[in-house]
Amino acid sequence: MSSPAPGRPVRIGLLGFFTADTAPVVDVARMAESRGVESLWAPEHTHVPVLYTSPTPTGFALPEYYKHLFDPFLVLTAAAAVTTRLRLGTGIALVANHDPITLAKQIATLDRISGGRFLLGVGAGWNREEIENHGVEFDTRWRRAVEHLEAMRAIWTQEEASFA
């Protein structure tokens with residue numbers, strides 16, 4: 001294992017699976033910022049279907065807390081409200097599962113509230129049933145995610161955005 005590049009500090013981020021049973025995100029965010037942590041990340045699963053056949057990324061049984069995850073954009077907005085330096089990211093956002101116009105607005109709002117500290121981590125998801133419950137075909141989820149990102153980029157950068 002090599003050491004960090006000379007003169008460059010190691011940046012540490014925390015990934016929190018926030019639920020009603022975990023430490024409150026505002027407490028974690030304050031603690032992380034006060035201790036020099038660079039970033040706080042929150043994952044996204046809108047739901048875990050009661051019956052699913054998809055193998056988990058680890059190959060092990062899905063932890064119970066996955067079924068109770070808070071919305072990452074709301075979690076990170078709460079963290080933004082009580083911090084000033086902590087960067088805030090999705091680890092990851094399931095972009096294909098969202099309406100891109102609405103998601104673009106949510107992200108832009110969070111980025112503005114946080115003073116430009118938001119980091120968008122993107123993925124396409126592993127749970128076929130969760131994805132398909134959003135009307136997304138599992139085999140085309142990455143293509144759809146990329147299209148949504150391109151549409152959102154247009155919304156964020158063009159005064160009168162259009163995307164086809």
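**Exercise 1.** In this predicted model, determine which order the 4 strands of the open sheet have and where β1 and β5 stand.

*Solution.* Step 1: the open sheet of 4 strands follows the order β1-β2-β3-β5, and its pairing is parallel. Step 2: β1 (13-15) and β5 each have a single partner strand and stand at the edges, so one side of each is left without a neighbour in the sheet. Step 3: in general, the strands of a sheet are joined by backbone hydrogen bonds, in either a parallel or an antiparallel manner. Here, β2 and β3 pair in the parallel sense over 4 bridges. Step 4: A42 stands opposite T90 in β3.

**Exercise 2.** Identify which residues of helix α2 are buried and which are exposed, taking under 20% relative accessible area as buried and over 50% as exposed.

*Solution.* Step 1: within α2 (residues 72-81), the buried residues are P72, F73, V75, L76, A79 and A80. Step 2: viewed down the axis of α2, these buried residues fall within an arc of 160°, so they line one face of the helix. Step 3: L74 and A81, on the other side of α2, are exposed.

**Exercise 3.** Establish what the buried residues of α2 pack against, and how α2 lies relative to the strands.

*Solution.* Step 1: the packing partners of the buried α2 residues are the helices α1 (25-34) and α3 (100-113), together with the strands β2 (39-42), β3 (87-90), β4 (93-94) and β5 (118-119). Step 2: α2 lies across β2, β3 and β5, and runs at about 175° to β3.

**Exercise 4.** Find which side-chain atom reaches the backbone nitrogen of F73 at the start of α2.

*Solution.* A side-chain oxygen of D71 comes to within 2.9 Å of that nitrogen.

Definitions and conventions: Residues numbered from 1 in each chain as written. Predicted model: local features only at pLDDT ≥ 70, side-chain atom pairs only at ≥ 80, totals over all residues. Heavy atoms only, no water. Buried < 20%, exposed > 50% of the residue type's maximum accessible area, 1.4 Å probe, protein only. Helix = DSSP H or I, 4+ residues; strand = E, 2+ residues; numbered from the N terminus. Arc of directions from axis to C-beta. Contact = heavy atoms within 4.5 Å. Polar contact = N/O pair within 3.5 Å; in protein donor to acceptor, adjacent residues only side chain to side chain. Pairing = 2+ DSSP bridges. Axes fitted to C-alpha atoms, helices over the stretch in contact; angles between N-to-C directions.
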